[in-house]
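Here are some notes on the model, set out as numbered points. Please read them with the structure open.

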Amino acid sequence: MGKRKKSNTKHISDNGAYFNKANSNTYRTGRIYSRKNRKYIPYRSAYEYAYIMKLEKDENIISYISEPFEIKYINTDGVLKTYIPDLLVLHSDGSVYLEEIKPSAMTKALNVKRKASSARRYLKEYYPTAKYRFVTEESIFKSNKEYMEVLSKIWQEKSYTKIYFHSTLKPLV
């Protein structure tokens, strides 16, 4: 096994995915106008786009903050890094959730677990009533067809990154 292949395999094991950013013109991001927040909210994936659209329609959501704060964590290489969670969501019943939007396969990755653990410690210290959770495709999309419709919609607006999932090195798209 060559050095590059071994490096990609370790990266996938630690982080859950391999992003081919060699062609930066193919990375999908954008902004959505939030009526609830009266401003544009960034999205960095089709999952984030679809979930933000759900939050906008959900009457039980009062507001949400995109990338609300930074949390320090130590990655699998022992390096101090910065993690920025996706959303802080306020529900009408007063509950608050710090949410990370990820494909379910990525939630098992070592660095993703380390980020989640650091986020839970951070909440316990600074926001003891808030809870941390992953938001995955199971709670965002009703079907693969719905996911493909979201991809089609955002592909018309911007470019995208090829995303390679856990240890397969086969493109999702």
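1. Is Arg38 buried or exposed? The model is a predicted one, and in it Arg38 has a relative accessible area of 71%. The cut-off for exposed is over 50%, so Arg38 counts as exposed.

2. Backbone at Arg38. This residue sits in the loop that runs between strand E2 (30-34) and strand E3 (39-43). The phi of Arg38 is positive, near 55°, and Arg38 is not a glycine. As background, most residues other than glycine have a negative phi.

3. Backbone at Glu67. A positive phi also appears at Glu67, at about 45°, again in a residue that is not a glycine. Glu67 belongs to the loop between strand E4 (61-66) and strand E5 (71-74). With a relative accessible area of 30%, Glu67 is partly exposed. That value lies between the cut-offs of 20% for buried and 50% for exposed, which means that neither of those two words applies to Glu67.

4. Main core. The largest nonpolar core is made of 22 residues. Tyr51, Leu55, Tyr64, Leu87, Ile101, Ile140 and Phe141 have the most contacts inside this core. At least two residues each come from E3, helix H2 (46-57), E4, strand E7 (87-91) and helix H5 (144-155). H2 gives the most, with seven residues.

5. Leu55 in that core. Which residues does Leu55 touch, leaving aside those up to four places away in sequence? They are Lys36, Ile61, Tyr64, Leu87 and Val89. Tyr64 and Leu87 are also among the residues with the most contacts inside the largest core.

6. Second core. Separate from the main one is a core of 12 residues, with Ile71, Leu98, Ala119 and Leu123 among them.

7. Second largest pocket. How much space lies in the second largest pocket? The volume is about 260 Å³. H2 and H5 each supply at least two residues of the lining, and the largest share, five residues, comes from H2. H2 is also the element that gives the most residues to the largest nonpolar core.

8. Lining of that pocket. By class, the lining has six nonpolar, six charged and no polar residues. Lining residues include Tyr49, Ala50, Met53, Val150, Ile140 and Phe141, as well as Lys54, Lys57, Lys142, Glu146, Glu149 and Lys153. Ile140 and Phe141 thus appear twice in this note: they line the second largest pocket, and they are among the residues with the most contacts inside the largest core.

Note on methods. Residues numbered from 1 in each chain as written. Predicted model: local features only at pLDDT ≥ 70, side-chain atom pairs only at ≥ 80, totals over all residues. Heavy atoms only, no water. Helix = DSSP H or I, 4+ residues; strand = E, 2+ residues; numbered from the N terminus. Buried < 20%, exposed > 50% of the residue type's maximum accessible area, 1.4 Å probe, protein only. Core = buried A, V, L, I, M, F, W, Y, C linked by side-chain atoms within 4.5 Å. Contact = heavy atoms within 4.5 Å. 1 Å grid on protein atoms, 1.4 Å probe; cavity = no way out; pocket = protein on both sides within 12 Å on 5 of 7 lines; lining within 4 Å. Points joined across faces, edges and corners; volume = space filled by probe spheres on them. Nonpolar A, V, L, I, M, F, W, Y, C, P; charged D, E, K, R; others polar.
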